[in-house]
Each structure stands twice: as C-alpha cells, then as structure tokens.
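Thank you for asking me to look through this structure with you. Please keep the sequence and the 3D view open side by side as you read my comments.

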Amino acid sequence: MDRRKFLKIGAAGAGAVAAGSVTSFAQEPEKVKIASEAVSAQGYVSEPAREIPVVAACDVLVAGGGPAGFAAALSAARQGCSVIVLEKGGFLGGLWTGCAVLPLNCMGANVAGEWKQVVYGYAHELNRRLEDIDMSIFERRSPVVDPEATKYMMQVMLQEAGVKVLYYVQAAALSMSGDRIDSVIVESKSGRCAVRAKTVVDATGDGDIFFWAGDPFRHVKHHIGAMWRVGNIKEDNDLKRTPTPIPGVRLMHTPGEYDQDGLDLFNLSRLTEAMREHCWKRTQEIRAVRGCEDAYVVDTPTLVGVRVTRVLESLCDVDVDSVMTDRAYDDVIGIAGVDINMKWEGQVHKVGNRHPWQIPFRALLPKKTQNLVVAGRCFGYGDGITYDAREIGTCLVTGQAAGAAAARAVLERSAIRGINIKKLQKTLREQDVRLD
Ligand SMILES: Cc1cc2nc3c(=O)[nH]c(=O)nc-3n(C[C@H](O)[C@H](O)[C@H](O)COP(=O)(O)OP(=O)(O)OC[C@H]3O[C@@H](n4cnc5c(N)ncnc54)[C@H](O)[C@@H]3O)c2cc1C
C-alpha cells in the first residue's frame with residue numbers, strides 16, 4: 001500500500017478510535033537507528049506500541065555495574081539516596097573483573113619529582129579492603145587485584161551501603177519527558193519493564209544511555225583484545241607476565257585486533273570467538289617456556305576486551321593540552337594518575353615524569369539531558385588522552401563524582417548541571433577524594 005493511501009484510510013478510521021491513538025495512523029513508524037554504521041538493516045519490522053510496567057523507583061539509577069557504576073552507586077547511597085544499579089551481567093566490576101583486567105592503573109603520578117599515589121576515595125578504600133585479605137598486590141606502578149575477590153568485595157560494599165543491584169537486567173531504552181529521563185526501560189527475565197528515577201548515571205562504558213537520550217558523542221574504534229589468567233606457573237620461570245595475588249597464577253594479555261568497532265554486534269561475536277581461541281592456543285604454546293610446562297587456562301574473559309566505543313561530547317572535554325599543562329578547573333571533581341608515556345609537542349614525556357591531571361565536573365555532563373551524568377570510559381575527553389582517561393583508577397574517580405553529583409541534584413531538587421559546585425566538592429573531600 002502506498003503511503004498516501006495508507007494515510008487516507010488511517011484518517012477515515014480515525015473517527016472510530018480515541019483521539020490519542022489517531023497520530024499513530026498519521027505518522028510513519030519511527031525507524032530505530034542502528035548504533036554502528038557497519039551494521040545495515042535488511043528491512044524493518046514494526047514493534048507495536050505497548051504499556052510498560054514500572055517495577056521500581058529510586059532517587060539515583062546507575063546503568064552499569066563496572067568500576068564507574070560501583071563508585072557512583074556507593075557515593076550516592078552514602079549520601080542517603082535510594083540507589084538501583086542495572087547490570088546486564090551477573091557480577092560487579094565490568095571489564096575489571098570480567099575481562100581479567102587486574103592492574104588498577106592511573107592511581108599514581110609524579111608529584112614534585114617523586115612517584116606518589118594521587119587517587120584516594122573509593123578506589124583506595126576498595127583496594128585497602130582487598131589488601132587486608134591478601135587479594136591485592138603491588139606490581140611496578142599499580143595494585144593488581146584478584147577478580148573474584150574484587151567482585152565479592154564490591155558486592156559487600158554496595159550491600160553495606162544499601163544499594164539494590166539488579167543483575168541480568170539490560171537497560172534497553174528511555175522514557176523521556178522533554179530533556180529529562182523519566183524512566184529507564186529494561187529487558188529482563190521478568191520481561192520488558194521500567195525503572196523510574198530522579199537522576200541517572202550512565203556507567204555503561206558504551207554510553208548507551210546518552211545515545212538513546214540523543215546527546216552528541218564521538219564513535220571511536222580501538223583495539224579489542226583480551227586478558228586472561230594462566231595457572232600452575234612455577235615461581236622461578238621465564239614467563240615475563242604480571243603476577244597476581246594467587247601464587248602460580250599469571251596474567252596474560254593480547255592487545256587484539258586494531259581499529260575495531262565495539263558497537264557492531266557481528267564483529268563482537270566474531271572477536272569473542274577469536275579471543276577465546278587465542279587464549280587457549282597461546283596458553284598451550286607457553287607450556288614450552290621453562291617453569292610453565294604444566295600451565296593451564298584459569299579463565300578466559302567473560303567480556304571481550306572492548307576499550308572504547310562512544311565518548312561523550314560533554315560541556316568541557318578534557319584534552320591533551322589541559323592534561324600536559326596541569327590545567328586547574330574551578331569545577332574540579334577529582335584528579336587522576338597517569339598510565340603511559342605521552343607524545344606531546346614533539347617530545348616524549350615518560351610516564352614516570354608525568355603529573356596528575358584534573359577532571360572538571362562539566363566533562364561528565366551531556367549537552368542536552370538535564371538529569372543525566374556520565375562516568376567511566378565514556379565521559380568527555382579528547383582523543384589524545386584515551387589511555388589515561390579510561391583506566392580503572394580514572395573510572396573510579398569519575399564514577400564517585402558522578403554518584404555524588406546525582407545525589408546532590410536529588411538533595412537540592414535541581415538539574416544536575418545546576419547543583420552547587422562548592423557543596424559537591426565538599427562532599428567529595430569528605431569521601432576522601434583529592435581535588436588538588
Ligand atoms: C583488554 C583490556 C585491557 C585493559 N587493561 C587495563 C589495565 O591493565 N589497567 C586498567 O586500569 N585498565 C585497563 N583497561 C581499561 C579498563 O578495564 C576499562 O576502561 C574500565 O573497566 C572501564 O570501566 P567502566 O565502568 O567505564 O566500564 P566497564 O568496565 O565496561 O563496565 C560497564 C558495565 O556496564 C554493564 N553494561 C553495559 N551496558 C549495559 C546496559 N545497557 N545495561 C546494563 N548494564 C550494562 C556491563 O556489563 C559492565 O558491567 C583495559 C581494557 C581492556 C579492554
């Protein structure tokens with residue numbers, strides 16, 4: 001049927017239906033945009049409009065239970081807010097615990113000529129609790145944690161704070177009122193339902209929430225790889241791989257394939273199989289190394305190693321110049337450490353000589369949506385600082401600040417961007433965050 005004829009029949013039939021439903025006859029159904037240009041639609045099917053049951057409500061909803069989501073939820077709950085975390089997997093920690101990414105990087109930097117820890121707050125608290133049970137060791141410049149202990153300790157800390165974590169629940173769409181998110185629609189084993197929230201933290205790593213909200217972002221392709229653990233390594237061995245808290249267990253790493261799109265569903269499946277095969281075969285190869293003759297795979301990653309996909313175009317993206325010139329911001333919400341040597345203005349700056357850098361509150365704020373704040377590997381930063389910006393230490397910093405800000409917005413009954421910055425900074429200092 002051609003469109004004009006369809007509209008005519010729709011208009012004729014309109015008198016017989018309630019006024020609110022007439023528009024559905026007069027409009028083309030909206031075509032849902034595919035997140036990656038690499039995936040094309042082979043036609044369309046219609047999804048009928050339906051009423052979604054609201055199954056829960058909270059002050060602060062955190063989408064994603066990775067490092068950023070964990071810190072955000074803890075911060076908001078410790079300020080007395082009701083907090084729900086939506087996590088599509090069955091554990092906390094995201095890539096940190098699910099991709100065996102165990103070194104907690106970006107915790108330190110060069111301060112006045114000396115390498116020092118610069119990140120405190122919940123990153124420090126969690127690591128200290130892991131050290132207390134011998135599940136975090138210090139290697140080179142970073143703590144290295146045990147993934148199972150970290151999943152468990154994150155769970156304990158969120159339970160202590162009264163956070164409700166909903167596992168196996170994927171945030172799938174939004175219900176918006178103008179530029180505010182009213183509810184997050186989820187897919188779950190109970191079916192499609194909604195969770196209503198006053199404020200939302202996007203800690204999905206991939207910026208799923210700001211994508212659906214229609215906020216601008218950069219689509220980044222990066223290398224997608226894997227980390228995994230091998231066991232039964234004799235302590236006196238030739239394997240130059242990072243030790244872990246469990247004796248005889250070492251951390252393996254492959255950078256994987258370069259320039260990969262982590263929003264392409266077919267590519268993600270292909271890479272998951274390729275990475276699992278690599279982990280298996282590479283472990284068999286290292287049995288030829290002295291001291292590794294009886295090595296075996298302890299675990300392959302539950303999550304394929306997607307480093308970056310969407311990066312928010314925020315109110316103030318942190319760029320390489322601000323990182324390298326020690327720029328200070330009035331709205332600073334935390335400082336982060338450094339991870340790599342940095343080439344800047346024609347010179348290589350060795351990681352051991354690099355300084356900590358400040359993150360402004362505006363780097364967590366989308367341009368449009370009023371009750372949304374973004375944390376973790378998808379907050380607003382420029383291309384040149386991808387490594388420092390997405391490491392776990394930095395994710396814990398932005399997560400803690402995002403949760404504190406979301407809670408302040410609830411307490412002040414304000415849009416997130418309208419909250420009192422001095423009060424936010426005071427809250428963060430009380431939570432042991434260093435701002436300078
Ligand atoms: C191979 C590899 C090696 C790395 N090495 C290091 C390293 O040595 N040291 C270091 O510090 N960093 C390292 N990183 C980076 C670091 O692991 C990540 O940048 C960091 O974990 C990001 O934290 P996040 O909370 O922003 O996101 P993630 O860790 O990705 O967590 C996001 C969470 O949200 C959930 N989620 C996503 N979408 C939805 C949705 N729609 N609904 C519900 N839940 C959702 C996911 O299941 C996940 O639990 C590495 C990364 C990779 C891939």
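The numbered points below go from the domains to a pair of helices, then to the salt bridges and a single loop residue.

1. Please bear in mind from the start that this is a predicted model. Every value in this note was therefore computed from predicted coordinates, with local features taken up where pLDDT is at least 70.

2. I would begin with the domains, since the assignment gives two of them: domain 1, made of residues 54-220 + 309-430, and domain 2, made of residues 222-306. When the centres are taken over C-alpha atoms, domain 1 and domain 2 lie 26 Å apart. The two are also in contact, with 27 residues on the side of domain 1 and 21 residues on the side of domain 2.

3. Next, please find helix α3 (residues 67-78) and helix α11 (residues 392-412), whose axes come within 7 Å of each other and cross at roughly 35°. The crossing of α3 and α11 is a right-handed one. From α3 the contact takes in Pro67, Ala68, Phe70, Ala71, Ala72, Ser75 and Ala76, while α11 brings residues including Ile392, Cys395, Leu396 and Gly399. What kinds of residue make up the contact of α3 with α11, by the division into nonpolar, polar and charged? Eleven are nonpolar, four are polar and none is charged.

4. The salt bridges deserve a point of their own, as the count comes to 27. One of them joins Asp146 to Arg229, with the closest N and O atoms 3.3 Å apart. This pair links distant parts of the chain, for Asp146 sits in the loop between β6 (142-145) and α6 (147-161), Arg229 belongs to strand β12 (residues 222-231), and their positions lie 83 residues apart in the numbering. Both Asp146 and Arg229 are buried. A network of salt bridges links Asp146 and Arg229 with Asp299 as well.

5. A second salt bridge to look at is that of Asp208 with Arg310, where the closest N and O atoms are 3.1 Å apart. Here too distant parts of the chain are linked, with Asp208 in helix α7 (residues 208-213) and Arg310 in strand β17 (residues 310-312), 102 residues apart. Are these two side chains in buried or exposed residues? Asp208 counts as buried because its relative accessible area is 18%, which is under 20%, and Arg310 is buried because its value is 3%.

6. The third salt bridge I would check brings together the side chains of Arg354 and Asp388, at 2.5 Å from N to O. Arg354 is found in the loop between β20 (347-349) and β21 (357-360), whereas Asp388 is in helix α10 (residues 386-390), and the two are 34 residues apart. Arg354 counts as buried because its relative accessibility is 3%, and Asp388 is likewise buried, with a relative accessible area of 1%.

7. Finally, please turn to Thr302, which has its place in the loop between β15 (296-299) and β16 (305-306). Why does Thr302 count as exposed? The reason is its relative accessibility of 53%, because exposed means over 50%. Leaving aside neighbours within four places in sequence, Thr302 is in contact with Phe91 and Gly98. Thr302 and Ala226 are 76 residues apart in sequence, and from C-alpha to C-alpha they are 9.8 Å apart in space.

How values were computed
Residues are numbered from 1 along each chain as its sequence is written. This is a predicted model: local features need pLDDT of at least 70, side-chain atom pairs count only at pLDDT 80 or more; totals for chains, interfaces and linings use all residues. Side-chain values use heavy atoms; hydrogens and water are left out. A salt bridge is a side-chain nitrogen of Lys or Arg within 4 Å of a carboxyl oxygen of Asp or Glu. Helices (H or I, at least four residues) and strands (E, at least two) are DSSP runs, numbered from the N terminus. Buried means under 20% relative accessible area, exposed over 50%, partly exposed in between (1.4 Å probe, protein chains only). Axes are lines fitted to C-alpha atoms, for helices over the stretch in contact, and angles run from 0 to 180 degrees between N-to-C directions. A crossing is left-handed if the near helix is turned anticlockwise from the far one by less than a right angle, and right-handed if clockwise. Contact means heavy atoms within 4.5 Å. Ala, Val, Leu, Ile, Met, Phe, Trp, Tyr, Cys and Pro count as nonpolar, Asp, Glu, Lys and Arg as charged, and the others, Gly among them, as polar. Domain bounds come from an automatic or database domain assignment.
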